[in-house]
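Morning, everyone. I have one structure to show. Let's put it on the screen.

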Amino acid sequence: GGAAEPPPRLVLDLERLTQVPSEKAGPLQRYAATIQSQRGDYNGKVLSIRQDDLRTLAVIYDQSPSILTEQLISWGVLNPDARRAVREEEA
Ligand code: C2E
Ligand code: C2E
Ligand code: C2E
């Protein structure tokens, strides 16, 4: 890829997130709720998060960022385009 291409946005689908069983999604649900409260952003159907936050979540879930990214995409809570953010980082 070209160096001028901006990294893809990481966008969580907050409605889908409420539908994932909390034994899987609990840590992510709490993390997203914390960001919403820090921003005062309660009305969105989606939440854009930082690239750094995906790394933090990978530590929380004890997974590599790329495995966690695949999991979140398979739950339908993360945009598939986010794969590119992880690949760029590991390249
Ligand atoms: P902060 O990191 O000191 O950011 C202060 C303010 O700068 C933010 O207030 C926001 O208005 C702006 N800002 C910082 N980075 C960005 C950015 O990438 N995009 C945009 N559009 N604005 C940005 P805000 O939103 O009220 O957030 C308050 C504090 O909550 C932030 O202080 C930070 O500590 C935390 N926070 C908010 N969102 C996130 C997030 O997605 N991830 C993490 N790790 N912390 C967050
Ligand atoms: P986008 O990033 O593709 O976001 C599309 C729409 O998704 C936004 O429309 C908003 O309704 C929703 N959205 C995305 N992230 C969040 C979030 O963290 N919280 C909430 N509540 N909603 C979110 P909107 O607001 O009309 O923005 C249209 C476009 O304008 C955005 O497209 C983006 O390209 C730009 N934009 C909006 N706010 C910011 C910002 O703070 N920083 C930057 N750089 N661009 C922004
Ligand atoms: P965005 O607002 O379009 O910002 C895109 C990238 O520009 C950010 O990627 C970050 O690298 C840089 N950036 C923008 N504003 C600031 C700033 O005030 N301080 C610093 N240090 N960098 C800034 P990043 O961090 O991966 O964030 C991705 C998206 O997550 C942002 O897109 C925004 O939609 C959301 N976001 C991140 N942090 C905050 C925050 O503190 N408050 C709000 N409201 N949104 C945030």
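I'll take the ligand surroundings, then two aspartates. Keep in mind that this is a predicted model.

Start with ligand 2. Which residues are around ligand 2? They are Arg9, Asp41, Asn43, Gly44, Val46, Leu47 and Ser48. By class, that shell divides into 2 nonpolar, 3 polar and 2 charged residues.

Now ligand 3. Arg9, Arg39, Ser48, Ile49, Arg50 and Gln51 surround this ligand. How does its shell divide by class? The split is 1 nonpolar, 2 polar and 3 charged. Look at Arg9. Arg9 is listed around ligand 2, and Arg9 is listed around ligand 3 as well. Ser48 also appears in the shell of ligand 2 and in the shell of ligand 3.

On to the aspartates. Asp53 sits in helix α3, which covers residues 51-60. Is Asp53 buried, exposed or partly exposed? Asp53 has 16 other C-beta atoms within 10 Å, so it counts as partly exposed. We met Asp41 around ligand 2. In sequence, Asp53 and Asp41 are 12 residues apart. In space, they are 17 Å apart, C-alpha to C-alpha.

Last one, Asp62. Where is Asp62? Asp62 lies in the loop between α3 and α4, and α4 spans 65-74. Asp62 counts as exposed because it has 8 C-beta neighbours inside 10 Å. Check the backbone too. Phi of Asp62 is near 55°, a positive value in a residue other than glycine. Most residues other than glycine have a negative phi.

That's my tour. Over to you.

Technical notes: Residues are numbered from 1 along each chain as its sequence is written. Chains are lettered from A and ligands numbered from 1 in the order in which they are written. This is a predicted model: local features need pLDDT of at least 70, side-chain atom pairs count only at pLDDT 80 or more; totals for chains, interfaces and linings use all residues. A residue is near a molecule or strand if its C-beta atom, placed from the backbone, lies within 6 Å of it. Ala, Val, Leu, Ile, Met, Phe, Trp, Tyr, Cys and Pro count as nonpolar, Asp, Glu, Lys and Arg as charged, and the others, Gly among them, as polar. Helices (H or I, at least four residues) and strands (E, at least two) are DSSP runs, numbered from the N terminus. A residue is buried if 20 or more other C-beta atoms lie within 10 Å of its own, exposed if 12 or fewer, and partly exposed in between; C-beta atoms are placed from the backbone.
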